[in-house]
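Colleague: I have just opened this structure and would like to learn how to read it. Could you walk me through its features, with the general idea before each case?

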Amino acid sequence: MRSALSYKEWSHATKMFDREMPRTSESDLYDEELVRNKLQELRQRKGPYSQLHKGRLQVHKLIKEYIDEVSTQLKMVCDFDSEELLLEERPTFMHETRHAFGRTALLLSGGASLGSFHVGVVKTLVENKLLPRIIAGSSVGSIVYSIVAKRSWPELESFFEDSLDSLQFFDQMGGIFAVVKRVVMQGAVDDNRQLQRLLRNLTSNLTFQEACDMTGRVLGVTVWSPRKHEPPRCLNYLTSPHVVMWSAVTASCAFPGLFEAQELMAKDRFGEIVPFHAPFPFGRRPEDGQGASVRRWRDESLESDLPVIQLKEVFNVNHFIVSQANPHIAPLLRRKELLRSYGDNFAAKI
C-alpha cells in the first residue's frame, strides 16, 4: 500500500490486505454490535419495498454493508411512487437526513510552492469521482480549487489532462530596482497582477453564489483582516454570496511582505464589480479615523489556514479530507505556545 503509485494500485493492495488481515481485530475499531443491529433493523423495515432493492456484491466489512444499505434505501425513497410519500415531501426528508448524517469536505492548506501537492490530490479525487461537494482552504490551496469553481466532471478531467501545464500563477519579480520600488511604495516584494489575471480567466468573474448555482459545489476561501482581535472569515455562498471569487483568492494569497493586502470585490444588482464593504457602519470603525472606508484582507495561513470550525457550524461537515502542505511550521507553532506559556508574548509573536 505504501509503495502504490496510483489510487487503483492502492485500492487493489487494500483488498489484498483485507483478505490477509485477521477479522477479529476489526471489532476494536468500531462498535460492531451497534452497526450490525442497525443494519438488521434497516433490512427489516424495508419490508414490501424489497422488490426495488437491486442486489449488490457482498463485501467483507460490516460498515460498508451498512453504508450500502442506507444508500440503497435513500434511492428507494427518491424513486418510490406512492401517495404515502408525496413528491414535495421528499426534498424535505432528504434535507433532514443530510443533517443527521453530516457531510464531507476537502480542505487545502497554504504552503507556497508546496501547494503543488494539492493539484495531485484534487486530480486523483476527480479521476475516481470522489471529489467532495464542499471544498475550502486558504492561500495556495484556494488557488488550486479555483480550478474546479465552474467546471463539470468531464471538463475537470480534460483540464487536468490537457490544460494544467499552461498555468503560470506568478510572474517574474523583475530586477532589484523593481523589487525595491514595490517594497517602498506598496510594502510588498512581488506583484499579484499576473495572479489576478489568471484567476479571472479561471473563474470568469463568478461570485460564490454563481459558482454554487453552476456546479453545485460549495467553495470556501479563508481571509484575514489586519485589524487586531478580528477573527478570520470563511467566505462562501452563504456568508458572502456576491463576493467575486478571484478577489477572495487574491486576498487569501496576500502573505504579509510578499503581496499587498487586497480589497474584496463583489457584484452589485446590476452585475457591476464594486468594492465589497464589511458590515461596519459607514464602511469604517471609529478607531480607523476619517476616510478609512477601504478594508483590505490578507493571508495569515501560518496561524489558522483550515476553516474546520466554520464548516462544521455552517455546513454540518463532520468528515474532513485534508491536504496539509505546511508540515514544516509545526515545530515553530509548538515553540510559540511554549514561549507564550512563560509570558513572553513578544518572543512568541516573532
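Colleague: Let's begin with the sheet. In what order do the five strands of the open sheet stand?

Modeller: In general, strands of a sheet pair through backbone hydrogen bonds, either parallel or antiparallel. Here, in this predicted model, the open sheet has the order β4-β3-β2-β1-β9, with mixed pairing. Strands are DSSP runs of E with at least two residues, helices are runs of H or I with at least four, and both are numbered from the N terminus. Two strands pair if DSSP finds at least two bridges between them.

Colleague: Which strands stand at the edges?

Modeller: Those are β4 (233–235) and β9 (317–323); each has a single partner strand, so one side of each is left without a neighbour in the sheet. On average, neighbouring strands are turned by 25° against each other, direction ignored.

Colleague: A word on the ground rules, please.

Modeller: Residues are numbered from 1 along each chain as its sequence is written, and side-chain values use heavy atoms, leaving out hydrogens and water. As the model is predicted, local features need pLDDT of at least 70 and side-chain atom pairs count only at pLDDT 80 or more, while totals for chains, interfaces and linings use all residues.

Colleague: How many bridges join β2 to β3?

Modeller: Four bridges join β2 (residues 134–137) to β3 (residues 218–223), and the two run parallel. Within this pair, A136 has G220 as its bridge partner, and G137 stands opposite V221. Towards β1, there are again four bridges and a parallel run, with L108 of β1 partnered by G137. The chain passes from β1 through α5 to β2 in a right-handed β-α-β crossover (with the strands pointing away from the viewer, the path from the first strand over the helix to the second runs clockwise).

Colleague: Are the faces of β2 covered or open?

Modeller: In a regular strand the side chains alternate between the two faces of the sheet. In β2, I134 and A136 on one side and I135 and G137 on the other are all buried, so both faces are covered. Buried means under 20% relative accessible area, exposed over 50%, and partly exposed in between, with a 1.4 Å probe and protein chains only.

Colleague: What does helix α5 touch in the sheet?

Modeller: Helix α5 (residues 116–127) packs on the sheet and touches β1 (103–108) and β9, where contact means heavy atoms within 4.5 Å. The direction of α5 makes about 150° with that of β1; axes are lines fitted to C-alpha atoms, for helices over the stretch in contact, and angles run from 0 to 180 degrees between N-to-C directions.

Colleague: And how do I read salt bridges?

Modeller: Look for a side-chain nitrogen of Lys or Arg within 4 Å of a carboxyl oxygen of Asp or Glu. By this rule there are six. One of them joins K123 and E127, whose closest N and O atoms are 2.5 Å apart; both lie in α5, four residues apart, about one turn of the helix.

Colleague: Where does K129 come in?

Modeller: K129 meets E157 in a salt bridge (2.9 Å, N to O). E157 lies in helix α7 (residues 153–162) and K129 in the loop between α5 and β2, so the pair ties together parts 28 residues apart in sequence. K129 is exposed at 53% relative accessibility, while E157 is partly exposed at 26%.
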